[in-house]
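Please report on the helix packing, aromatic pairs and unusual backbone geometry of this protein chain. Keep the account short and tied to the model.

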Amino acid sequence: MEADQLPSESAPDLVDTDLSGTSAPEREAHPAVVAVVVVEGEAPHLEACLRGLNETEYPGLIVLVMAQTGEDLRPRVAAVAPTAFVRVVAAGGFAAGANEAIETVQGAPFLLFLRPDVVCEPESIRLLVEEAYRSNAAVVGPKIVDVEHPDRLREVGWSIDRFGVPHSEIERDELDQEQHDAVRDVFFVGDACMLVRADLFAALEGFDPACDPGAHDLDLCWRARLAGARVLVAPDARVGRHDSEPPSTGVTRLSHRHRLRSLLTNTSTTRLAWITPVAVLMHSLEAFVFLLRRQRIRASILMGGWAWNLRHIGELRVARKRAQSARVVPEREIHALQYLGSARVANYVANSIHAEDRVRSLSERSRTFAGSARGQFRSLRGLTLLALLLIVVFGSREILFGRLAMVGQFMPWPGVADLVRGFTSHWRYADLGSAAAAPPMFALAGILRTVLLGADGLGQSLLVVAAIPAGILGTRLVAQRILRPGWPDIVAAAAYAVVPLPRTAIETGRLGPLVMYATAPYIFLGVAQVSGLVSSRWPRRRISVLTGLLVALTSVFWPPAVALPVLVALSVAIAAPLTGDDRRRVTAALRGGASTLGIALALLLPWPLSFLAGGDRAGALGIVYDPARSLGPLVRFVTGTGGGGIGGWGLLVGGIVVVLLASGERARWCLRLWALALLSWVLALLPTWLGTASPALEGVLVPAGLALALIVAIGAATFSEELRRSALGWRHVAVVGVAGLIAIAGLGFVGDAVSGRWDQPGSDWNETLSWMQSQRDLGGFRVLWVGSPEVVPGSIHRSGPDAYAITVDGPATLLDAMSPPGGDGTAAARDAVAALRSVETHRLGRLIQPMGVRYVVVVHRPGPGPGTRADPELQRGLDQQLDLRELDGSPGASVYENVEWSAARAAAAGRQRVSDPWPGSGARGDRSVRVWSQQYDDGWEARSGSRTLTHRRVDGWANGFVPVGTDPVHVRDTNQWFRWVALGLEVLIVGWCARQVLRRGRRGRRERREARAAESGTVSS
């Protein structure tokens, strides 16, 4: 039959017409297969494709060419395959052309879809059909090789990862050595050559044209899987494919869009609920990296796919309903066929960074690491380290599997949207509000909560529990770099573990010092490497940037931590006269500390600029606690109820003994570390000498704890190498005594772990006073917390001997953390708390009414429970207040309601709509002025209808507006544009630092490759 003899209206008789010349037994032995060749464009290899189909040994084959090109293909087809049929269809892509076979072909059991650049081997179609019957498969794909190089593999089935990214088991230009010749289930086969059961193809309504190009084959096979059909690859069936041009940017962009569409269409609802936010986060981070590498097109492709699918949400919903209605297979069976890792990462490793060498090196390193880890944990040293980590897990079991009590500076994390709004807003609503940059803590918490799929409390619990193991392992790393690996690094880890500072921080709810404990060893090592005290194979600039990043992350949770690199550098300078360090080394140390500090401050911009403004800077920096009373508890690191008793002297005595025993480079390290410890103790005592408040001592003393732990490790190394050669004497006795004291401190460590939560309270005020949040329906309000600095939750300020905190709409959340220095409003709140103690007023409620304070909570202990009453003077002032009504509180706190309170506009975010009545200014008694209970700022603007209201300062600190008419009032911050500029600056600085790290890393890899090449050339010569 000539190629142009088939009119489109006779299509239903295609198979019968073609098989009229074959006998019935032959038709039964060889079920009819219609090879559908979809032609787009010029198709230069069409003749080779048709010639391969002509030479096939399969007798029941009909060839149908779907022509989507303006050129008349009938002469070309007739010249090669006279019996083939040609049908001209409208151009619409491969999927649309292939779908024409649903109406064109009827009666054939199988459809074989082909690209025109594919050449089938004679037995390939027969093998595909046989495998389809043998394995009861609905979709079968062949092994695809290169036409010009038949020993090179191109495709043997595909898998996808959980984010819809295709993954192939073969590497680029991999030789065909029959390593992939097993028949197996795959997730999908490519559209280059796929045998599909015709009835299933019709039931699925063919390919989805909306997924073409790039994902129509994936989508079809995915929907077939959902319907319970099998998708196989039969490697015995071989076809060749000509080299094709790499996809253009436009095709790549469409492919990414369509793969996302297939993912959103075919994934179950339950699984999609957590895959979507994680995928968005991963693509955002990947796009950010592409931007740093000046690959803007790839970044736009990644994020543009989400935007495109969002714009077509209606079409997506219809396609999803169709796919899910046909589902008969549970999601866990689909997930079992997916690639467990990240296909994007695997493809990057395979295609971008010298796959063979990298993969081989990674494999060798993995085996080496695994063998080393097994060997270490079989040794006594490894078992000791493992025991330390198990004690930490045992002591944290109630936090891991229960609930972290929100006491002190542990505060609940709000939703991701609230964190993003808090970070990007120009106005801070903590305390009484301030035009200050938000701390990057909000952004970090939002990222961590997104990664954890929004799990409430899990991010903070993991942060708290992981701090102690991170510090232990970091100290071990430092000891290994200073000393040789062995018992000394285990001793350093154990000595750092028994320091009670992190347990006290968990007990009292001080998150910043806990993070400081975890990161201090790494910061110390980074500064030592930048200073040249410790060798490193990384460039110093890269180390400086990474250390600055770590300092910035620590300072986000505890601002005084920004001084740690300078403290380490100063310890080298102070000890230089005794250690013999020359001027060059001291200068390098000071320069390294200063550069690390500068990078950290730059990464934190513009947040550090907030502390340059007036107000309570000490409160904003966390310098609010009572100073140390004596030196004894400091040198034993006892700042709370935890500790090792007499064993707390072990580290101090051990440090003194080691100085007497060590010599050479070890003695010099002992002196440097002793200088660091003394600086730490001096800083802890400085507020006592000056008569001021102190930062959290648990954080100030961390450098001393790290220094003494490393000194004890130096003593262990000295004892193991030198003292064994000497006769028994006082040195042996001293070492044994020190070991005994440290062991006693270790018993305190184990004892604190018994409670399962490091003696932290079992409940908190957020849980007990949660009823306050239900009162927001009556209007926004604030809560004034008063008590001693050790028990007041949230971000606190000092007012004489008392501490106070102001929270919004109930107990504190993370948005109330790191309150800005404030201004006149902070001074007004401080004066009000001072007036309460001195009984200068009997109407405290009227004083705090413009602040929107509805409740006053006097806290007697960190968490609910039986405890003492408030300070007698403070309680006397409370009893004499005429406008505070005491409510039924919880044990451990007294709760008062302000009877003068009215629905103040105290808490807001962004553009607000407010209606009368607004509270007037209680101090002035002027009811014509409406109070906006935020610190006065020129950026606030109120509009009623089309009129802008007159803006005034009222009560010396708040915003007041003169109302006009009865229209609703809109209040907004007109300086929000400045925050967007600041965010852009932050992104540029972070991008510069990341670029420095990445660029230095690539340069280092290139230098190592050149060195290996030179070495191999020398050896061969």
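What follows goes from the whole chain to helix pairs, rings, loops and backbone geometry.

## Whole chain

This is a predicted model. The protein chain has 1021 residues, and 53% of them count as buried. It contains 39 helices and 26 strands. Contacts in the protein chain between residues at least 6 apart in sequence are mostly long in range: 77% of them join residues at least 24 apart.

## Two helix pairs

Take α26 and α31 to begin with. The axes of α26 (residues 564-579) and α31 come within 8 Å and cross at roughly 130 degrees. The two helices are therefore oblique to each other, since the angle falls outside the parallel, perpendicular and antiparallel ranges. Their crossing is right-handed. From α26, the contact takes in Leu567, Val568, Leu570, Ser571, Val572, Ile574, Ala575, Leu578 and Thr579. From α31, it takes in Arg668, Leu671, Arg672, Ala675, Leu676, Leu679 and Leu683. By class, the contact of α26 with α31 holds twelve nonpolar, two polar and two charged residues.

The other pair is α19 and α20. Helix α19 spans residues 416-424 and helix α20 spans residues 441-451. Their axes come within 8 Å and cross at roughly 160 degrees. An angle over 145 degrees counts as roughly antiparallel, and α19 and α20 are therefore roughly antiparallel to each other. The crossing of α19 and α20 is left-handed. On the α19 side, the contact is made by Val416, Leu419, Gly422 and Phe423. On the α20 side, Phe442, Ala443, Ala445, Gly446, Arg449 and Thr450 take part. The residues of this contact divide into six nonpolar, three polar and one charged.

## Aromatic rings

How many aromatic pairs does a search of the whole structure find? There are 15. One is the pair of Phe637 and Trp681, which is tilted, with 6.4 Å from centre to centre and 35 degrees between the planes. Phe637 lies in the loop between α29 (631-635) and α30 (650-661), and Trp681 lies in helix α31 (residues 664-690), so the pair ties together parts that are 44 residues apart in sequence. Phe637 counts as buried because its relative accessibility is 1%. Trp681 is also buried, with a relative accessible area of 5%.

Elsewhere, ring pairs link Phe94, Phe113, Phe201 and Phe207 into a cluster.

## Loop residues

Gly93 sits in the loop between β3 (85-88) and α5 (94-99). It is buried, with a relative accessible area of 14%. Gly93 touches Glu40, Gln68 and Asp212, leaving aside residues up to four places away in sequence. Gly93 and Pro209 are 116 residues apart in sequence, and their C-alpha atoms are 7.5 Å apart in space.

Ser531 is placed in the loop between α24 (511-530) and α25 (540-557). At 5% relative accessibility, Ser531 counts as buried. It touches Ala588 and Ala589, again leaving aside residues up to four places away in sequence.

Is Gly800 buried or exposed? Gly800 is exposed, with a relative accessible area of 54%. It is found in the loop between β14 (797-799) and β15 (802-808). The C-alpha atoms of Gly800 and Asp831 are separated by 9.8 Å, and the two residues are 31 residues apart along the chain.

## Backbone geometry

Most residues other than glycine have a negative phi, and most peptide bonds are trans. The table lists departures from both.

| Site | Feature | Value | Loop |
|---|---|---|---|
| Asp212 to Pro213 | cis peptide bond | omega near 5 degrees | Pro213: between α8 (198-203) and α9 (216-226) |
| Leu605 to Pro606 | cis peptide bond | omega near 5 degrees | Pro606: between α27 (583-604) and α28 (617-620) |
| Asn136 | positive phi | near 55 degrees | between α7 (124-134) and β6 (139-146) |
| Asp759 | positive phi | about 65 degrees | between α34 (730-753) and α35 (765-768) |

Asn136 counts as exposed, at 58% relative accessibility. Asp759 is partly exposed, with a relative accessible area of 38%. Asp212, at the start of one cis bond, is also among the residues that Gly93 touches.

Notes
Residues are numbered from 1 along each chain as its sequence is written. This is a predicted model: local features need pLDDT of at least 70, side-chain atom pairs count only at pLDDT 80 or more; totals for chains, interfaces and linings use all residues. Side-chain values use heavy atoms; hydrogens and water are left out. Axes are lines fitted to C-alpha atoms, for helices over the stretch in contact, and angles run from 0 to 180 degrees between N-to-C directions. Helices (H or I, at least four residues) and strands (E, at least two) are DSSP runs, numbered from the N terminus. Angles under 35 degrees count as roughly parallel, over 145 as roughly antiparallel, 65 to 115 as roughly perpendicular and the rest as oblique. A crossing is left-handed if the near helix is turned anticlockwise from the far one by less than a right angle, and right-handed if clockwise. Contact means heavy atoms within 4.5 Å. Ala, Val, Leu, Ile, Met, Phe, Trp, Tyr, Cys and Pro count as nonpolar, Asp, Glu, Lys and Arg as charged, and the others, Gly among them, as polar. Rings of Phe, Tyr and Trp (its six-membered ring) pair if their centres lie within 6.5 Å; planes under 30 degrees apart count as stacked, over 60 as edge-to-face and the rest as tilted. Buried means under 20% relative accessible area, exposed over 50%, partly exposed in between (1.4 Å probe, protein chains only).
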